[in-house]
Every structure is written in C-alpha cells, then in structure tokens.
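Welcome, and thanks for taking a look at this one with us. Let us walk through the overall fold and then visit the ligand and its surroundings.

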Amino acid sequence: MRDANFLTENNAKHIWHPMAHPAEMKRNPPHVIMKGRGAYVTDLEGREVLDAVGGLWNVNLGYSCDPVKQAIAAQLDALPYYSGFRGTSTGPSIELAWELAQWFAPEGMTRALFTSGGSDSVETALRLARQYWKIRGQGDRTKFIALKKGYHGTHFGGASVNGNANFRRNYEPLLPGVFHIPAPYAYRNPFDETDPERLARLCVRALEDEIAFQGPDTIAAFIMEPVLGAGGVIVPPDSFLPLVREVCDRHEILLIADEVVTAFGRTGAWAGARLTGVKPDMMTIAKAVTSGYFPLGATMIGGRMAEVFEADRSSFGAIGHGYTYSGHPVGCAAGLAALAETKRLRLDENAAARGAELAAVLEDLKARHPLVGDVRCRGLMAALELVSDRDSKAPADKAVMTKVADTAYAAGAMLRVSGPNVILSPPLIVTAEEIRAIGAAIDAGL
Ligand code: PLP
C-alpha cells in the first residue's frame, strides 16, 4: 500500500463517500481506518479508538475473528467464485441456505435468495412480493406501505419505501404506489402521544386507514424494521408488530421484516421479529451474516410464499432477478463461519446484558446533560437524540453534533451521527468495561 502522505493527500480527492457531500469531505476529510483489533480500530495517525458504531451495525464479532478469516482464505484457495445462476451452484451457498433456514425456523423462513447486501435484499423482497401476487392471479396488488423514519437502503425500490426525506428528495421521482404511515416514535409524532402502547394503536389505525383508502386488493406488502435503525433507533413497543401482522393477515397483505440490522443478535434476540414472536412472510438480511468480513445478504422467504412459487404452473413463476454475486462462495463460507462463532459466543445474550448496561449509562448522561432530549435502546442498538432546548425539543444543530462526535473521538470512541441522533451499535463482543469507556467518551463529547 502507498504511504500515509499519499493517503492523506488523496483522501476524498478521487473517492466519493456514500451519504456525504463531496465538497464537505474535501474540506473535512474523514478518518482513514487502517487496522482493527477486537472492538477497536486504529486510524492513519495511529490513534486506537473503541468502535461504538461496529463498522456500520455489522461487525458483530469485532475485528479479530480468526475462524472467519480462515474460512475466507480456505474458500479463496478452493474456489474464489462461481455463479449461482440457473445451471450451477456451490457448496458453501447450499450449506449457508440450509443454515439460515435452521436459524430462522421460528420465523418460518425456508428459502434464501442470496444478494450482495442489504439494499439488494430489500429490492429482491419488493420484487418477489409483486411476483407472488401475479402468480396468485392478483396482479393489481402492486403497492407498498412503509413507516416514516424507516430505512431500507438506497436502490430505487428501497429508497421509495424509505421514510426519511434525506434519502429520497434528491432522487425523486421514486416508485409510484408507495405510501407511508407514522412510526411509533414516542418522542415526536403527529398525534402528540407519548404513551408507547396508545401510540402503537394509533399508528396501526393509520395503517388500516391507508389500506382502506388505497384498497386492500391493490397492496402487495408492508415493510418495516422490527427496531428502526438508521431513522434513529426507534423501538416500537412489543405490541406493535403483532398488531401489524394481524392487520396484514386480515387484508392478505405480505409482511416484510427488514432485518438487515436486527438479525443475528443485535437486539438481544436472534431475529428482531423473534422479540415479539411474529412470523413475517419475508425477511431481508445482510450485514452481520458475515460480520462485515465479506459483502453478502439474502432475502429469506417463508414457507407459505415459497410453496406458491414452487407449485406455480402460470407463466409468472420463474425468478427473473438475481445478482452476479448471489451466493458468492467466499461470502457464504464467511457467513457459515461467522454464524458458527455468533452462536458459539452466544452474542444474543451478550447484546442483551451489555445493552442493559449501555441503556443505564445513557440514562445517566440524559440526567446530567440538558443536550440529551431522548434515549432509546434495544439490545446493542441505541440512540441519544440531542436537542438545543428540552422544552421545545428543537433538534441540536449540525455543528453541535460534529463537535460531540469529534470530542468523543479524541476521548477514545468512534460515534456515528445521523441528524440530531448519536447512534451506537458496538460489536456484540463488547465488554462491560468497554461500555463504560463508550459512556465516558460520550460524556466528554456532551
Ligand atoms: N435495510 C436496513 C434496515 C438497513 O439498515 C440498511 C443499511 O444500513 C439497508 C437495508 C441497506 O443495506 P446496504 O447498505 O447493505 O445496502
């Protein structure tokens, strides 16, 4: 690799960073991360900081997981690539699809269509939903409903169901026939309702209202994250997803759980939907399936849906969708090793225990810092929502957010800032001592 001067000089010169303004990146180049160890990363200047972001919600095993590295190296040696398109398959993809069906057996997921990441998985789910209704002779069911504040990646389908203007406005017009209802976000909502249970019922009523307005027989699917991540870690009460499931069932609308962040232990359960016992019709996964060691995702398809495709005698059953890297053998080998380690280390239990400690640390910060308007936590997904004034709930401005993150970085922890939220999703191997260190760094930032 070229030397540090080259990297510093060219940082943000020829590379456009996702989710960033190119001019701002030139003015204020991002940290260059050179190494990782356990839950820590080291930058170009040699500073080692605790990664309270966990890469991007994905490095659940931390940066030193030898079994995953070895599985990747062995698979590279045996077969670095072969296609999963009709005509060929590979051993690791067959094995990982089997493993995922076991993993998500309580959710009734029986088939995997592999993708290259989360946005692909969402796109695949939306397409399969429309195709399903064509097979069933209900081709008018093309519309989608989603939650405001939801995040579903950046492809045109995913951006269309996204519920945050920042990811939509510059790319409009998006897909027609997509509608949004309020999220059960108790800190800010159009109903001025602070009680989570009452708010959940109001949001579900808004869903029913939208379904009635659109016509149930025009709606293909409803999509939501069991815990909303990028929108600011909005944690619906446990009653919400079962109520949504009931409404979807009543109107025969498919339910897609976007589990790109929530699957594999992050919420303290092996799947976000498992927190409430709901069985979705499809699940989208990516990120922690390989702990970020290789780009891979999948759309998981439930038994009832799978049977419709597999019994199809219409002209609509063939899947005209997929990616060059669907079922990439190296990614699938990484996934098998990552899931084995995830299970062996019981990362779900660590996420629940460390998550409770993190929640206590954040509540303490809220008690001491007027900048903190709200704290939200589920397992090791957490957000601090910062405000300039607690009474008016005016969001903290960008300069404040940048200063908090920069100061915390100097104090030893990498945080992620998204709008007025400080978002935390440390590796699931994090220790109690490291949780305290993250808290101390945020304290310094605040
Ligand atoms: N869905 C959810 C819930 C996500 O959080 C993300 C990314 O953070 C995506 C989809 C998109 O995944 P990717 O960035 O891998 O395309």
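## Overall surface and shape

The protein chain exposes about 19,500 Å², and 54% of that area comes from carbon and sulfur atoms. Please keep in mind as you read that this is a predicted model.

How does the radius of gyration sit with that of a compact globule? For 446 residues, a compact globule would have a radius of gyration near 22 Å, and the protein chain has 22 Å, so the two agree. If you turn the C-alpha trace along its principal axes, you will find that it spans about 60 × 60 × 40 Å.

## Inside the fold

The protein chain holds 14 helices and 16 strands. Of its 446 residues, 53% count as buried. Among contacts with a separation of 6 or more in the protein chain, 71% are between residues 24 or more positions apart.

## Around the ligand

Which residues surround the ligand? From the early part of the list come Gly117, Gly118 and Ser119, followed by Tyr151, His152 and Gly153. Glu225, Asp258, Val260, Val261 and Lys287 complete the shell. By residue class, this shell divides into three nonpolar, five polar and three charged residues.

Polar atoms of the protein come up to the ligand at several places. A polar side-chain atom of Asp258 lies 2.8 Å from a ligand nitrogen atom. Gly118 takes part through its backbone, with an N or O atom 2.9 Å from an oxygen atom of the ligand. Lys287 places a polar side-chain atom 3.1 Å from an oxygen atom of the ligand. Taken alone, the ligand exposes 390 Å², and the protein buries 82% of that area.

## A closer look at Ser119

Ser119, one of the residues around the ligand, is worth a visit of its own. You will find Ser119 in helix α6, which covers residues 118–135. Is Ser119 buried or exposed? Its relative accessible area is 17%, which is under the 20% cut-off, so Ser119 counts as buried.

The side chain of Ser119 reaches the backbone nitrogen of Thr154 at 3.1 Å. Thr154 also appears among the contacts of Ser119: leaving aside neighbours within four places in sequence, Ser119 touches Gly153, Thr154 and His155. Of these partners, Gly153 is itself listed around the ligand, and Ser119 is thus a handy place to begin when you trace this part of the shell on screen.

Note on methods. Residues numbered from 1 in each chain as written. Predicted model: local features only at pLDDT ≥ 70, side-chain atom pairs only at ≥ 80, totals over all residues. Heavy atoms only, no water. Near = heavy atom within 4 Å. Polar contact = N/O pair within 3.5 Å; in protein donor to acceptor, adjacent residues only side chain to side chain. Areas by Shrake-Rupley, 256 points an atom, 1.4 Å probe, with all protein chains shown as cover. Nonpolar A, V, L, I, M, F, W, Y, C, P; charged D, E, K, R; others polar. Helix = DSSP H or I, 4+ residues; strand = E, 2+ residues; numbered from the N terminus. Rg over C-alpha atoms; globule rule 2.2 N^0.38 Å. Buried < 20%, exposed > 50% of the residue type's maximum accessible area, 1.4 Å probe, protein only. Contact = heavy atoms within 4.5 Å.
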